[in-house]
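Thanks for passing this one along. Here are my notes, as numbered points, to read beside the sequence and the coordinates.

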Amino acid sequence: MPEVIDITAEEVRQIDSAYADMIGSLRVKYSEEDDVQMRAAFELAKKSHWHQRRKSGEPYILHPIAVARICAEEIGLGPTAICSALLHDVVEDTPITLEDIETQFGERIATMVNGLTKLEKSTQEESQQAANFKKVLFTLTVDVRIVLIKMADRLHNMRTLGSMPVKKQFKIAAETTYVYAPLAHRLGLYAIRSEFLDLCMKILDREEYDAVARKLQETKKSREAFIEEFTKPIIEKLDAEGVKYRATGRPKSIYSIYNKLKKKQVPFEEIYDLFAVRFILDVPAEREKSACWNVYSIVTDTYQPVTERLKDWVSVPKANGYESLHTTVIAEDGRFVEVQIRTERMDEIAERGFAAHWKYKGVKSGPDVYERWFSSVRDILDDPNGDTVEFLGDFRANSFFNEEVIVYTPDGDVKMLPKGSTALDFAFSVHSMVGYSCQSVLVNGRIVPLNYELKSGDQVKVNTNKNQKPNQDWLKLVKTGKAKSKIRQAMREERRAKGEFGRESLQRKLEKLGIRDLEPAYDKLAKRYTNNSTLDLFYGLATEKYSVAQLLKPYEIKEGKLEALPEEAVEAPPPAARKRNPANRIIGKAKLLINGEPGDQFDHSLANCCNPVQGDNVFAYVTTNAGMKIHRINCPNAENLMANYGYRILRAEWISTTEHRFVVDLRITGLDRGKGVIEELSHEIGELGLNIRSLNISGEDGFFEAKLSLFVYNTDQLNLAMMRLKSLANVATVERLDRNEER
């Protein structure tokens, strides 16, 4: 809840100025009536938030004004969205109700504000954040502007995250990477997506972020001079032909550069395509394609193209509507430069995604590319009883893909599916019932496995059998969110049907014992035995996983209610609160503070997925049955845990000690001279006084790959070891591994 402090006269002037600037940033024309309504929304929001402040200390009303400005200036939304953005927190944080909003501003704005209002805290939801996000997506097919305002809200929160506690920063950044960045990508909001990922990296991996940012700053002048020299001959030719254009050159985002450095395992200085040169053409819609290819010819006549890097999204736009020609050419000094060619319309769509389509309805791709995606989201949302965390995973599966495959039914109808979709995905895309009863699939006249990956041009036929039913293994055979959601839905229905027999047997026993109010009894048993799932409770009874007598053994009947027996009356403390068992697999003498308290009083162990080492930024995650796990902040699983289970995350920090050794895994590649590689690696590690736990090495075609497990005391030793190994003449890359299974 925002802090309560009166607003000063100077802050009132600041607020009014911010509102005026926001109105001045509107890209769309608006009527006098719109102006009156936006002013009314502003006045109501200002009055409602008058005594509230953000964690930074500034008046709270500046936040909705900033969100409205992002909507207006960076996304390009109009007056209705501006009103909704200004009012987006009043129902959640003030006495104003949705009925008040509808009375003053109408049903549309009330609907949008409702979509932006978080759900009330609910003990029934395993993940409140996932439930809130699911609520927003329910409104996606009603009015996409709700989601666009939500994106603006999250962007401003990320830009001002510095005043929040560190734990909160990690949680919000993880949510943003896990959910909002892929959503921005799917809606074509590339600028916002890039900023999301950069801001998240700044919080979750600050050291690497600062290193790349510093290198970019150091090379800024030389880079700008290079771009000017590179574009000069192209510009001369464009001017000679009378082409109307504008040229820009800017570095790629810090996040994308870091990923490229990590993937290629080379120094910053050896990444040549750090920046993209963009030519944006001002031509009528009917001449767009020919104009882009004409400029492509000029560029490739000037510089040698790398033909395999040509990407033609002008002829076939991306699944999210993105249109552009991308080519990579070799400059005179040997550098690789990416050149992007697009029109003003394409650029606006590339920058503002779906929001720009309102302006270009009926032009080429129009909003139809989104309608296919909206339809797939509707399919995922079509299961009201679905698990919210599973839903979020299905949504991400539908949001991350960049490309599509085009396949055909036996009748010649076109089906577009995400690249990587399988034959079984196709069956579910035809209709849910076709998917449920899919027995076999023919591709181009030949039977293929259900997990066959579809290719563009395939003709696909599904053979069905009414006795066929989905099973757990099918989840491994599909890629699309729709197929996964429908398979889970079918399996839940089957479990529910079987579980009805278990429910009836439990009901009979409870009624015989004199219990009439059955639901609280069901909930109490479900909480104890099945993590709050009555469906699993009834199914377990039906399949004889346990008996009614076994379930009721720890309970007695008092006044017609199910009560725990005295020795069971106090529930076992949650894993986070248990004293550790000396025999438990914990981190020995390595010292931690967990939520500011000595870690050795808690049951905890290091997570195997990321192998934290003393000195790594870490957090504690409270599991359901294995105590607490200590994860690195940049663990592969961190985004999922923080985004979906933020309430289980605890702050953790190391207490300096050199008493405990940690295992860390490295992958080393380099030139295989035929002998001495193992001796050289072992000698270098021995020089540092470190012990090797294991070393596996293989060679092929003159190169070797080694997987090395070391004992180290902290990240300083680890970094020194990696630096020394990299300095060896025949070593090309040294990389820290995250997962044990990669060893």
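1. Let me begin with helix H27, which spans residues 677–687 and has Val677, Leu681, Glu684 and Ile685 as its buried residues. Looking down the axis of H27, these buried residues fall within an arc of 95°, so they line one face of the helix. The general background is familiar: an α-helix has 3.6 residues a turn, so residues three or four places apart point the same way. On the face of H27 turned away from the buried side you will find the exposed residues Glu679 and Glu687.

2. What do the buried residues of H27 pack against? Their partners are strands S22 (662–671), S23 (691–700), S24 (703–712) and S25 (731–736), together with helix H28 (715–726). After H27 comes Gly689, with a positive phi near 75°.

3. Now for the whole chain; please keep in mind that this is a predicted model. The protein has 28 helices and 25 strands. Of its 743 residues, 50% count as buried. Taking contacts between residues at least 6 apart in sequence, 66% join residues at least 24 apart.

4. The largest nonpolar core holds 79 residues, and those with the most contacts inside it are Ile82, Leu86, Leu87, Ile101, Ile149, Met158 and Phe196. Helix H10 (residues 166–186) gives the most to this core, contributing 10 residues. There is also a second, separate core of 34 residues, which includes Phe602, Leu666, Leu681 and Val734. Leu681 will be familiar from the first point, as one of the buried residues of H27. In general terms, nonpolar side chains tend to be buried together in soluble globular proteins.

5. Leu86 deserves a separate look. Leaving aside residues up to four places away in sequence, Leu86 touches Tyr19, Met22, Met38, Ala41, Phe42, Ala45, Pro64, Ile65 and Ala68. One of these, Ala41, also takes part in the contact between helices H2 and H6, which brings me to the next point.

6. How do helix H2 (residues 32–48) and helix H6 (residues 98–105) cross? Their axes come within 11 Å and cross at roughly 155°. That makes H2 roughly antiparallel to H6, and the crossing of the two is right-handed. On the H2 side the contact involves Gln37, Ala40, Ala41 and Leu44, which meet Ile101, Gln104 and Phe105 of H6.

7. H6 also pairs with helix H7 (residues 107–116), where the axes come within 7 Å and cross at roughly 150°. These two helices are therefore roughly antiparallel to each other, and the crossing of H6 and H7 is right-handed. Here Leu98, Ile101, Glu102 and Phe105 of H6 meet Glu107, Ile109, Ala110, Val113 and Asn114 of H7. Ile101 is worth following through these notes: this H6 residue meets H7, it is part of the contact with H2, and it is listed among the residues with the most contacts inside the largest core.

8. Helix H23 (residues 518–529) and H24 offer another geometry, packing at an angle of about 85° with their axes 8 Å apart. H23 and H24 are therefore roughly perpendicular to each other. The contact is made by Tyr522, Asp523, Leu525 and Ala526 from H23, and by Thr534, Leu537 and Phe538 from H24.

9. Two backbone details may merit a look in your viewer. Most residues other than glycine have a negative phi. Glu544, although not a glycine, has a positive phi of about 60°, and its place is in the loop between helix H24 (534–542) and helix H25 (548–552). Asn611, again not a glycine, has a positive phi of about 45° and is found in the loop between strand S18 (604–606) and strand S19 (618–622).

10. Is each of these two residues buried or exposed? Glu544 has 71% relative accessibility and counts as exposed. Asn611, at 11% relative accessibility, counts as buried.

11. Finally, a proline: Pro182 has its place in helix H10. Pro182 is buried, with a relative accessible area of 1%. Pro182 and Leu197 are 15 residues apart in sequence, and their C-alpha atoms are 9.9 Å apart in space.

Conventions
Residues numbered from 1 in each chain as written. Predicted model: local features only at pLDDT ≥ 70, side-chain atom pairs only at ≥ 80, totals over all residues. Heavy atoms only, no water. Buried < 20%, exposed > 50% of the residue type's maximum accessible area, 1.4 Å probe, protein only. Helix = DSSP H or I, 4+ residues; strand = E, 2+ residues; numbered from the N terminus. Arc of directions from axis to C-beta. Contact = heavy atoms within 4.5 Å. Core = buried A, V, L, I, M, F, W, Y, C linked by side-chain atoms within 4.5 Å. Axes fitted to C-alpha atoms, helices over the stretch in contact; angles between N-to-C directions. Parallel < 35°, antiparallel > 145°, perpendicular 65-115°, else oblique. Left-handed = near helix turned anticlockwise from the far one by under 90°.
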